[in-house]
Amino acid sequence: MPKHDLACPHLADLTPYQSARRIGGSGDVWLNANESPFPREPMAMDVSEYHRYPDRGPGEVHAAYARYAGLAPDQVLALRGADEAIDLLVRGYCRAGRDRILLCGPTYGMYEICAQVQEAGVVDVPLAADDRLDVDAIRAVDDVRVVFLCHPNNPTGNALDPEDLEAVIAHFAGRALVVVDEAYIEFCPDRSAIPLLAGNEHLVVVRTLSKAFGLAGVHVGFLLAGAAVMDTMRKIVAPYPLADPCAQLALHALSDEGIARMRREVDQLAAERDGFATALAGLPCVARVRPSATNFVTATFHSVDEAWAALLADGIVARRLPHPRLADAIRFTIGSAADMRRVLEALAELPGSSTASGVPSG
């Protein structure tokens, strides 16, 4: 009997997404994963039903998130993080070896990873020099099935221009699914694409509780869409998408008290972010600080290798970025005031230079 080949040829050259935890690091100030710096107190759990499958949890979570987002419960699908939503959309709408997605780099790496796993093609229409969407170039692309727009964009940090966003959504009506990834939208809630769902059946919004809600360890995300998309998603989603403890924690976060707490923390982080960005821009070693509508700041350095070494020497773990356009950049999650002072102090003595350097370490 011939030996079965367990290799997957189409994955031979796939580079896994380099998550913060996969990369790791050594230090005592962790600013590499865009996590909330605010710890959550232990919550008493209802353990009486753990011997049953958690079918009741998602329905309650759908209703709670719908109330928060201003939607109907049947427009909400709770999942194991926003990454599962991205994966489901690619698997549901892209036929292997035939269909393509469109993304605008530099952007979140999981769009491309999910496409490669599905053997879908990838069309990258780069952001313009000012990090805006290149709307004309996007509209010139034919024959894509799913368009991914990260808003605000990770890793650049900027919210997309509303007119650009609406132009792209309008262009792909009847042509492709447009997915707006709003993982960081709580930091600019007035910019959400949710109001556009009503008139655009091809629009999908992806959300998470991992960022502003401070539940990265719980890993609950949401896919928000109209009836046609939801019908497809419910056909392919796993039978029990949320573990019951995760559902209970999500419900607690989406209570009136939990939402109020999230908004207070967002205000605090935004103030800390803006002060940090201003101070960082004033350092001689910094070439540019990108405007941010998120809980992180991305800065370009004259000598990124020197800056990185100085941070590591002081026990600060930030994030180098693999995209060629950001080879001289470091992304800093906004932590506590003390954390951000540590960053500024670690970089303060570095000299300015006109010479950029280095290829990111991953």
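Begin at His219, which is partly exposed, with a relative accessible area of 35%. You are looking at a predicted model. Select His219 and find the loop around it, between strand 7 (203–208) and strand 8 (221–224). Now check its backbone. The phi of His219 is positive, about 60°, although the residue is not a glycine. Most residues other than glycine have a negative phi.

**Next stop: Asp131**

Select Asp131. Its loop runs between strand 4 (121–124) and helix 5 (135–139). Asp131 also is not a glycine, yet it has a positive phi of about 70°. Is Asp131 buried or exposed? Asp131 is buried, with a relative accessible area of 3%. The cut-off for buried is under 20%, so that value qualifies.

**Two cis peptide bonds**

Move to Gly105 and Pro106. Show the backbone atoms. The peptide bond joining Gly105 and Pro106 is cis, with omega about 0°. Where is Pro106? Pro106 sits in the loop between strand 3 (100–103) and helix 4 (110–117).

Now select Asn154 and Pro155. The bond from Asn154 to Pro155 is cis, and its omega is near 25°. Pro155 belongs to the loop between strand 5 (146–150) and helix 6 (162–171). Most peptide bonds are trans.

**Zoom out to the whole chain**

Show the full chain as a cartoon. How many helices and strands does the chain have? There are 11 helices and 13 strands. The radius of gyration of the chain is 21 Å, close to the 21 Å that the globule rule gives for 362 residues, so the chain is as compact as a globular protein of that length. Rotate the view. Along its principal axes, the C-alpha trace spans about 55 × 55 × 50 Å.

Switch on the surface. The accessible surface of the chain comes to about 16,400 Å². Carbon and sulfur atoms hold 53% of that surface. Of the 362 residues, 51% are buried.

Colour by charge. The chain has 33 positive and 47 negative charges. How far apart are the mean positions of the positive and negative charges? They are 3 Å apart.

Now think about contacts. Take those with a sequence separation of 6 or more. Residues 24 or more positions apart account for 72% of them. The later stops show some pairs that are separated along the chain.

**Helix 3**

Select residues 81–93. This is helix 3, with 13 residues. Place a distance between the C-alpha atoms at its two ends. Helix 3 reaches 19 Å from its first C-alpha to its last, close to the 18 Å expected at 1.5 Å a residue.

Which residues of helix 3 are buried? They are Gly81, Ala82, Glu84, Ala85, Ile86, Leu88, Leu89, Val90 and Tyr93. Keep the geometry in mind as you look along the axis. An α-helix has 3.6 residues a turn, so residues three or four places apart point the same way.

**Ala120**

Select Ala120. You will find Ala120 in the loop between helix 4 and strand 4. Ala120 has 8% relative accessibility and counts as buried. What does Ala120 touch, leaving out residues up to four places away in sequence? It touches Cys94, Asp99 and Ala115. Add Val144 to your selection. Ala120 and Val144 are 24 residues apart along the chain, and 9.8 Å separates their C-alpha atoms.

**Three exposed residues**

Go first to Val47. Val47 is in the loop between strand 1 (29–30) and helix 2 (56–69). Val47 is exposed, with a relative accessible area of 52%. Add Asp244. Val47 and Asp244 are 197 residues apart in sequence, and their C-alpha atoms are 9.0 Å apart in space.

Go on to Ala170. Ala170 lies in helix 6. Ala170 is exposed, at 52% relative accessible area. Add His202. From Ala170 to His202 is 32 residues in sequence and 9.5 Å in space, C-alpha to C-alpha.

End at Asp267. Asp267 is part of helix 9 (residues 256–281). Is Asp267 buried or exposed? Asp267 is exposed, with a relative accessible area of 55%. The cut-off for exposed is over 50%, so Asp267 passes. Add Phe187 as the last selection. Asp267 and Phe187 are 80 residues apart in sequence, with their C-alpha atoms 8.1 Å apart in space.

Notes:
Residues numbered from 1 in each chain as written. Predicted model: local features only at pLDDT ≥ 70, side-chain atom pairs only at ≥ 80, totals over all residues. Heavy atoms only, no water. Helix = DSSP H or I, 4+ residues; strand = E, 2+ residues; numbered from the N terminus. Rg over C-alpha atoms; globule rule 2.2 N^0.38 Å. Buried < 20%, exposed > 50% of the residue type's maximum accessible area, 1.4 Å probe, protein only. Contact = heavy atoms within 4.5 Å. Areas by Shrake-Rupley, 256 points an atom, 1.4 Å probe, with all protein chains shown as cover. Lys, Arg positive; Asp, Glu negative; His and termini not counted. Charge placed at Lys NZ, Arg CZ, Asp CG, Glu CD. Expected span 1.5 Å × (residues − 1).
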